[in-house]
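Me: Please take a close look at a single part of this chain, the open sheet and its place beside the rest of the fold. A connected account would be preferred to a list.

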Amino acid sequence: MNARTAARLLALGLALAGCASSSAPEAPREVLIRLGTERLGVGFDPKEVHVPYVETIRIIFRNDVDPTWDMPHNVAIAAPGREDALIASVRNLGVHHLQLAEKLRDSPDVLAMTGALAPGESETIDFHPPGPGSYQYICLVPGHAERMGMVGVLVVSD
Ligand SMILES: [Cu+2]
């Protein structure tokens, strides 16, 4: 965890503490999940995550690959039904993986995404699910999803 992530988590803790003291108990509006990657393979770990439907799913993503591999990974939550189009757009843009976040962050095919992270790096993003459903999370580093199957599914239940 880097200092920025730690600061964000601290801020989150303070915000939640503030809520708890000022209102009656209610359903949580936020859940925190951790996504990592295989250490000696090209894939997410875990490949499937189940969460209840809430306003905000805070995702801490860490590239856990062996540091000697020099392999970047990212995670993008694709808009349902747009997974293949998103992967194709990365191929067609021919973008370097370090430009992925810059080029695609505003794409309607992406609901949330991190930048490409080097081994050992982590980044925290907030995903606001449009509703219950299944959302694929995809590594957009060229070839990882298409050729290596670096895809997972986030199941948001009602
Ligand atoms: Cu990857």
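Reply: In this predicted model, four strands form an open sheet in the order β2-β1-β4-β7, with mixed pairing. The edges are held by β2 (44-45) and β7, and each of these has a single partner strand, so one side of each is left without a neighbour in the sheet.

The mixed character can be followed strand by strand. β1, residues 30-37, runs parallel to β4 and is joined to β4 by 6 bridges. Within this pairing, Leu32 has Arg58 of β4 as its bridge partner, and Arg34 is partnered by Ile60 of β4. β4 is also joined to β7, residues 122-127, again through 6 bridges, but here the strands run antiparallel. In that pairing Phe61 stands opposite Glu123 of β7.

The loop between β6 and β7 contains Leu117. Leu117 is buried, because 20 other C-beta atoms lie within 10 Å. Neighbours within four places in sequence aside, Leu117 is in contact with Asn63, Pro72, His73, Asn74, Ser122 and Glu123. Glu123, which stands opposite Phe61, is thus named among the contacts of this loop residue. Asn74 is 43 residues from Leu117 along the chain, yet their C-alpha atoms are separated by 6.0 Å.

β4 (56-62) also takes part in the largest nonpolar core, as one of the elements that each supply at least two of its residues; the others are β5, α2, β6, β8 and β9 (151-157). This core has 27 residues, and those that touch the most other members are Ala76, Tyr137, Ile138 and Leu140. For Ile138, again without neighbours within four places in sequence, the contacts are Ala76, Ala78, Glu83, Leu86, Ile87, Ala145 and Val151.

Two of these contacts, Leu86 and Ile87, lead to helix α2. In this helix, residues 83-93, the buried residues are Leu86, Ile87 and Val90. Seen down the axis of α2, they fall within an arc of 95°, so they line one face of the helix. In general, an α-helix has 3.6 residues a turn, so residues three or four places apart point the same way. The buried residues of α2 pack against β5 (76-78), β6 (110-113) and β8 (133-138). On the face turned away from the buried side, α2 carries the exposed residues Asp84 and Asn92. Ala85 also lies in α2, and it counts as partly exposed because it has 14 C-beta neighbours inside 10 Å. Its C-alpha atom is 7.7 Å from that of Asp109, although the two are 24 residues apart in sequence. Gly94 follows the helix and has a positive phi, near 60°.

The setting of the sheet in the whole chain may be given last. The chain has 3 helices and 9 strands, and from the N terminus on its elements run α-β-β-β-β-β-α-α-β-β-β-β. Of its 158 residues, 23% are buried. Among contacts with a separation of 6 or more, 72% are between residues 24 or more positions apart. The pair Leu117 and Asn74, 43 residues apart along the chain, illustrates such a separation.

Conventions: Residues numbered from 1 in each chain as written. Predicted model: local features only at pLDDT ≥ 70, side-chain atom pairs only at ≥ 80, totals over all residues. Buried ≥ 20, exposed ≤ 12 C-beta atoms within 10 Å, placed from the backbone. Arc of directions from axis to C-beta. Contact = placed C-beta atoms within 7 Å. Core = buried A, V, L, I, M, F, W, Y, C linked by C-beta atoms within 7 Å. Pairing = 2+ DSSP bridges.
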